[in-house]
Amino acid sequence: MDIVWFLVLSAFIFVIGATGVLTRRNPLVVLLCLELMLNAGNLALVAFSRMHGNEGGQVFALIVMVIAACEVVIGLGIIVAMYRNRLPIDVDEMSELRG
Amino acid sequence: MTATSYGWLVLAFPLAGMLVVSLSWRVLPGRLAGWIASAAILGSFVSAILALIDMQDLPAEERHLVDSAWTYAATADFNADVSILIDPLSVFMCLVVSGVSFLIHVYSVAYMTGDHGHARFFAYLNYFVFSMLLLVLAANFVLLIVGWAFVGAASYLLISFWYRRSTATHAGIKAFVMNVIGDVGLVIAAFLLLDHTGQLDYLGVFERAPEVFSTNDSTIVWACIFILVGAFAKSAQLPLHTWLPDAMEGPTPVSALIHAATMVTAGVYLIARCFPLFDLAPTAADIGAVIGTATLVFAATVALVQTDLKRVIAYSTMSQIGYMVLGVSAAAYGAGLFHLMTHAFFKALLFMGAGSIIGAMAGIQDMDRMGGFRRAMPFTFVTFTIGALALAGFPLTAGWFSKDEILAYTLNRGGGFVVLGIAGYLGAALTAFYAFRMVFRVFSGKAVPEAEELEQGHLAHGEPQNPMTGEVEDTDVGFPGPEHVVAERSWPMKFAMAPLAVLALVAGVVGIPGVTDTLEHFLEPTFESSTYAEDHPSTSSEWVGLAAGAIISIAGIFVAFTFYVRRRGITLDLRDRYRRVHDFLWHKWYFDELYDAVFVRPAATAGSFGRRVIETDVVQGFIVGGATGVVRAGTSFARAIQTGFLRAYALLLFFGAAALLLYFLISSS
């Protein structure tokens, strides 16, 4: 199979994820969309790995998964903390860093 | 011990006294600080006497001993040592300075009893005397300049001793600025001499100078003129004199110390010390003589109309220093220094008397308010009158011998000096008049309430106020203390004034022409190499001069008697008739106004221009404001980006990443 299809699929998923990150206001959904983007990246990495016939891309994909897991841990932790403090579950309301 | 070790002791005593008093003032009870300081100066005086005895044992031609403690700065060509020179001139100065200073210290113990700055006062006083002794003992120009600047600093500290009085602090600043002008002159002079002779030691410079310079060489004339600038600033000669009358803001013993024993005599000493240079530069010496004469006449005229008791005495000091400068510039070194000594006695005495009168007046210094103190203050009356007699040059007093000797030498030089000598006699007439103007206005006539009260045994207690501005002051530290003292009730003051009164009467015996001439012979080893050493008036012409001086002095006193005792009130008519002359003299020939217009106001205008325009517009507005403006604009842009919207950040991130990607795509293809 041609590598192009894999990359097209990967790009689609990435754009879906990015659109979700930019448009949704619920931090949980934003987190999910981030996962989508990471996995789109993973897909591209694995596809390239297959095309070149070496395992470098696979290793990177594993590392990305680890990072994704860490990110989810922290992200969910923040969301739980927000919930516990009865803060609004909405990224637009969280604008205390405004200069 | 040798004479030089005693010389070091002369310096060590006041230095130790200053350190002890200033370090342990908290634990010293009562007047102890004053007694310690007095003892230190007494030690200095005794050491000076011992140095004198040791030095007199030496043959006359060996009487200049140099002793170096350590090398202050060493270079390839010359060394600047911390070294002292013991010769008749420096020993003479040490004796006058430490002797009179000791009596002034004792006087101050009583005078400053009630002041809250008692110990501080005596630390300053000892420092002052130490500086002056350093100045006269220095064996080279470096140490001279050190002592010179120390004296200026000490005078600043003492003049503004009552530091919460604004007039006193201004007077201190004025004195310091004027003195620094003199310091600069002296430093330039020392530099010129070092540049041409390669030496800074007096003896070295004086030895080399005749080899390097021809007579009236422009360099040596300029060096001497700069020496004169230094001398004139210290000795309050025209045109650097304005600080001296203002220095009256200090406590009265300080006035006595500055005017009689130390400070103002430094310029006279310097000119006498540098006589080999002035021999080589007769032009500079002539300038000195002319300015000395101008000052003596100027100050005498101003003293005619001033009503502040201390200021009259201050102008008389200027006038008398004018005589000394005239003397030492006209190569009458012995006579000039003789007058320095007698003046130290009678001027210290006059100031002490003035302090006692001011005490009786509860701080008032205006002669218009005084009168009739003769019965209330017999001791002060007698001593003050003796001082005034000596100042007026009354026959057989000390001032008569010394002043007329200067004038005899001046007339003997011939030529233009005759004019100066005649001006000196004119000044003498004015001096006799204003000296007794003080005596008659203070002591004769109707007794003022303060005098009557004192006769009944109470000391007047006025509101503590500034005599210049009338401002009411509290008596806390930084202002004069609450208590007033008069000599009649305080033995230390009597103890200090009595010997000075005796000396003011009889000190002339060391210089009776043709009879004793002791001082002249004593100073001979220092001045024998002078070109004019053999050039002195005959004994008979000196006696003629003395007779003329006596007549002038008695005439002046008689005129004062007429004006102020026999026909009281005539002076008021005179004042009204010659209003303009009076105003001219009252404003001290408008010197202060002139300096104000020429120096002070332009400087103040430039300062306020700098503050208003340069500081606010250029520095604050353009430089600082420009820099902050740029930063502020940058930050407000950066702040505008920080919206706080997470999704906006994410969008920017994506755009950035996409832009980078696009860039790499385009550049790689």
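## Reading the core and domains of chain B

Q: Before anything else, which residues is F345(B) in contact with, leaving aside its neighbours within four places in sequence?
A: This is a predicted model. With those neighbours set aside, F345(B) touches V100(B), A398(B), L500(B), L503(B), A504(B) and A507(B).

Q: How should I read a cluster like that?
A: In soluble globular proteins, nonpolar side chains tend to end up buried together. Here, the largest nonpolar core has 226 residues, and F345(B) is among the members that touch the most others, along with L133(B), A348(B), L349(B), F436(B) and A504(B).

Q: Which helix of chain B gives the most to this core?
A: That's helix 15, residues 333-360, which supplies 18 residues.

Q: What does the second, separate core include?
A: That core has 5 residues, including A40(A), A44(A), A47(A) and A61(A).

Q: Back to chain B: how many helices and strands does it have?
A: Chain B has 26 helices and 2 strands. Of its 669 residues, 52% count as buried.

Q: And how do I read contacts by their separation in sequence?
A: Take the pairs at least 6 apart in sequence, then ask what share is at least 24 apart; in chain B that share is 81%.

Q: Where do the domains of chain B fall?
A: Domain 1 covers 3-586 and domain 2 covers 592-668. Their C-alpha centres are 60 Å apart. For overall dimensions, the C-alpha trace of chain B spans about 120 × 65 × 55 Å along its principal axes.

Methods. Residues are numbered from 1 along each chain as its sequence is written. Chains are lettered from A and ligands numbered from 1 in the order in which they are written. This is a predicted model: local features need pLDDT of at least 70, side-chain atom pairs count only at pLDDT 80 or more; totals for chains, interfaces and linings use all residues. Domain bounds come from an automatic or database domain assignment. A nonpolar core is a set of buried Ala, Val, Leu, Ile, Met, Phe, Trp, Tyr and Cys residues joined through C-beta atoms within 7 Å. A residue is buried if 20 or more other C-beta atoms lie within 10 Å of its own, exposed if 12 or fewer, and partly exposed in between; C-beta atoms are placed from the backbone. Helices (H or I, at least four residues) and strands (E, at least two) are DSSP runs, numbered from the N terminus. Two residues are in contact if their C-beta atoms, placed from the backbone, lie within 7 Å.
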